[in-house]
Amino acid sequence: MQHHLSEILEQEFDVSEEVFNDTRKLCLEQNALLSEMLVKKKILSEHQLLEAFSRLYNLPLLPSITFETLDTEFTRKVSIQFLKKFAMVPVRHLSYLTGLPPDFSDRTPSDPPVIIMNDPSLFQALDDIVRLLGWEDPVLALSTREAIFSLINTAYDSSRDTAEQLVADMEESGSDILSEIEETADLLDDTSDAPIIKLVNHIISQSVKSGASDIHLEPYQHTFKVRNRVDGVLYDLLSPPKWMQSALISRIKVMAKMNIAEKRLPQDGRFEVKIGDQSIDIRVSTIPITHGERLVLRLLNKSGTLFELPELGFKDDKLDTVERLIRYSHGIILVTGPTGSGKTTTLYAILSKINSPDINIITIEDPVEYQLKGIGQIQVNSKIDLTFARGLRSIVRQDPDVILIGEMRDQETADIGVQSALTGHLVFSTLHTNDSASAITRLKDIGVEPFLISSSVIAVIAQRLVRVLCEECKEAYHPDEETLAQLRQLKVREGLGHTEIPIDDSLTIYRSVGCPRCMHSGYRGRIGIYEIMVMNDTLQNMILKTHDSHQIKKEAVRLGMTTLYDDGIQRVLEGTTTIEEVLRVTQT
């Protein structure tokens, strides 16, 4: 039987004793764990090290862990910092976990508890956790740090009091809390146990957990409401008593480094928080209204990965069209839609698609939402007069092949964008318009000459986001005659739509129901619907004569363009979304 880790590493993984001893010496010098150093120096992979520990200590290895339910009793006795420092998690009833090896899968709640570790050589930490929990003879198992941290985060997140419970507790001792707040000059000086701080943390944490994009704090005459926006729809989160209004708003303003004494002028700020392994960038906007200050927090999960074009909702011919357009050497491609319709996400997906070492891509944005590897990104800063126009004038001297302009807000920015497109650059930008044809009208209103629009714009992509039906609870049905009549009327109003829809009694579509998995909303996530107007000779000549968006759209549809409504109805027929969603976002 092998009794030394070095022997196992040398025989099984070809790690020489000299390398092992050098690593151990380095650990002593840096006061680091041997297991972490072996992986950090890439002497072993984490899985190889766990296999070695498994053989050395004769412990079962759980490579991945998922769970149905989780006993969180230990969260009241052991700090999350302790468990994360030593990468271990106690599990009272392992039978609740799934994906276990055969010798663990038949365990019952009456069996001894289990402590899952990443490094079983941490005997002192193991003794401490056993003593804190009062457990006798727990069973040990091994798993990856990622799996252990996931269990820890889930356990502590689910064991927290809800925001509603915090508000209820605070109402019972409201006068005491107010006196504490009045005595504190700076809310950041409070401990993390301060009720207002805990409540703000829980509001943010619950919103991130539910996938919210925004949090709204709305004061009224006698009430105060907190709402969050999930998948584009606002939901009530909680209604704290009116006396908490000032304290909550002040706490958030302090976090965002705003002037808490200034309540008469709009302010903007930002701060960053970490929730588990997620890094959340939060932009805060305040405006004074009749009954106090109204705050909106925009949440941006910086840990999220960039989407590929098919994941955004581009399919078949639309995907082919976009992939062809973004390979052009010059011209302007505009992405249009209202605020929050996913324009920036689409542009980032496009840039990621074309990004390669042989082209120079530079962006100017407000704000820079994601860091893109290999791409130069400029952040607009009005305090030092770094505007879109000023930044663009510098960009064109940086020998770019592709330029991304966050938004064409004024004539100067639009003119520089047009000139860049005409002098051999591929330019991407956004506009706030309702459909693709309206982008032409908007550029004309800004002050761009029609002949410049005609010769520089190569395509306009209009988009909206529709909520995706929850796969667990969506329900098939045949729409009633009133709905069918409405569909027929809309199709006629759209004119020359190209989606062939049998609008009769045989039509089968889906509707939302609601279940615990989708928080009873009936929807989980969102996907894009698109309208792509590709410029050709006919449309270019038409723009020289008129900038009436209705006429331009009608001609584009005649030439084969599918409208937002058409694309949305195709999603309805596929069972991806509902008629109500398509009507909500296309405003027809």
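**Notebook: pockets, cavities and side-chain pairs**

I began with the lining of the second largest pocket, to which β9 (267-275), β10 (278-289) and β11 (292-301) each supply at least two residues. I note at the outset that the model is predicted.

**Entry 1. The second largest pocket**

I looked up the volume of the second largest pocket, which is about 650 Å³. The lining consists of 17 residues, and D268, G269, R270, R283 and D366 are the closest to the centre of the pocket. I then sorted the lining of this pocket by residue type and recorded five nonpolar, five polar and seven charged residues.

**Entry 2. P288 in strand β10**

I next turned to P288, which is found in strand β10. Is P288 buried, partly exposed or exposed? The relative accessible area of P288 is 31%, so I recorded this residue as partly exposed. I listed the contacts of P288, not counting residues up to four places away in sequence: K263, R264, L265, P266 and E293. I also took the distance from P288 to E262, a residue 26 places away along the chain. The C-alpha atoms of P288 and E262 are separated by 9.7 Å.

**Entry 3. H216 in strand β6**

I located H216 in strand β6, which runs over residues 212-219. The relative accessibility of H216 is 8%; because the cut-off for buried is under 20%, I entered H216 as buried. Which residues does H216 contact, leaving aside its neighbours within four places in sequence? I found K225, V226, R227, R229 and L234, together with R294, L295 and V296.

**Entry 4. Salt bridges**

I searched the whole structure for salt bridges and recorded 22. As background, I noted that side chains of opposite charge can pair when their charged atoms come close. I examined several of these pairs individually.

I started with R131 and D128, which form a salt bridge whose closest N and O atoms are 3.6 Å apart. Where do R131 and D128 lie? Both are in helix α7 (residues 123-133), and they stand three residues apart, about one turn of the helix. R131 has a relative accessibility of 57%, and I therefore marked R131 as exposed.

I then looked up K353 and E323, a salt bridge in which the closest N and O atoms are 3.4 Å apart. This pair links distant parts of the chain: K353 belongs to helix α15 (residues 343-354) and E323 to helix α14 (residues 316-325), with their positions 30 residues apart in the count along the chain. K353 is partly exposed, as its relative accessible area is 35%. E323 is also entered as partly exposed, at 26%.

I went on to E555 and R558, whose side chains meet in a salt bridge at 2.6 Å, N to O. Helix α22 (residues 549-558) holds both E555 and R558, three residues apart, about one turn of the helix. Which of these two residues is buried, and which is exposed? E555 has a relative accessible area of 16% and therefore counts as buried. R558 has a relative accessible area of 51% and therefore counts as exposed.

I also recorded a network: E218, R227 and R294 are joined by salt bridges that share partners. Two members of this network, R227 and R294, had already appeared in my list of contacts of H216.

**Entry 5. Cysteines**

How many disulfides does the structure hold? My count came to zero. I then checked C473, which is in no disulfide and has the sulfur of C515 as its nearest cysteine sulfur, 3.7 Å away. A disulfide requires sulfur atoms within 2.5 Å, so the separation of 3.7 Å between C473 and C515 does not qualify. For C515, likewise in no disulfide, the nearest cysteine sulfur is that of C473. I recorded C473 as buried because its relative accessible area is 11%. C515 is buried as well, with a value of 12%.

**Entry 6. Cavities**

I closed with the enclosed spaces and found four cavities of 30 Å³ or more. The largest cavity holds about 80 Å³ of space. Which residues line the largest cavity? I listed D71, E73, F74, K77, P90, V91, R92, L133 and W135. By type, the lining of the largest cavity divides into five nonpolar and four charged residues, with no polar ones.

Notes:
Residues are numbered from 1 along each chain as its sequence is written. This is a predicted model: local features need pLDDT of at least 70, side-chain atom pairs count only at pLDDT 80 or more; totals for chains, interfaces and linings use all residues. Side-chain values use heavy atoms; hydrogens and water are left out. Helices (H or I, at least four residues) and strands (E, at least two) are DSSP runs, numbered from the N terminus. Buried means under 20% relative accessible area, exposed over 50%, partly exposed in between (1.4 Å probe, protein chains only). Contact means heavy atoms within 4.5 Å. A salt bridge is a side-chain nitrogen of Lys or Arg within 4 Å of a carboxyl oxygen of Asp or Glu. On a 1 Å grid over the protein atoms alone, a cavity is a set of points where a 1.4 Å probe fits but cannot get out, and a pocket is an open set with protein on both sides within 12 Å along at least five of seven lines; lining residues have an atom within 4 Å of a point. Grid points are joined across faces, edges and corners, and a volume is the space filled by probe spheres set on the points. Ala, Val, Leu, Ile, Met, Phe, Trp, Tyr, Cys and Pro count as nonpolar, Asp, Glu, Lys and Arg as charged, and the others, Gly among them, as polar.
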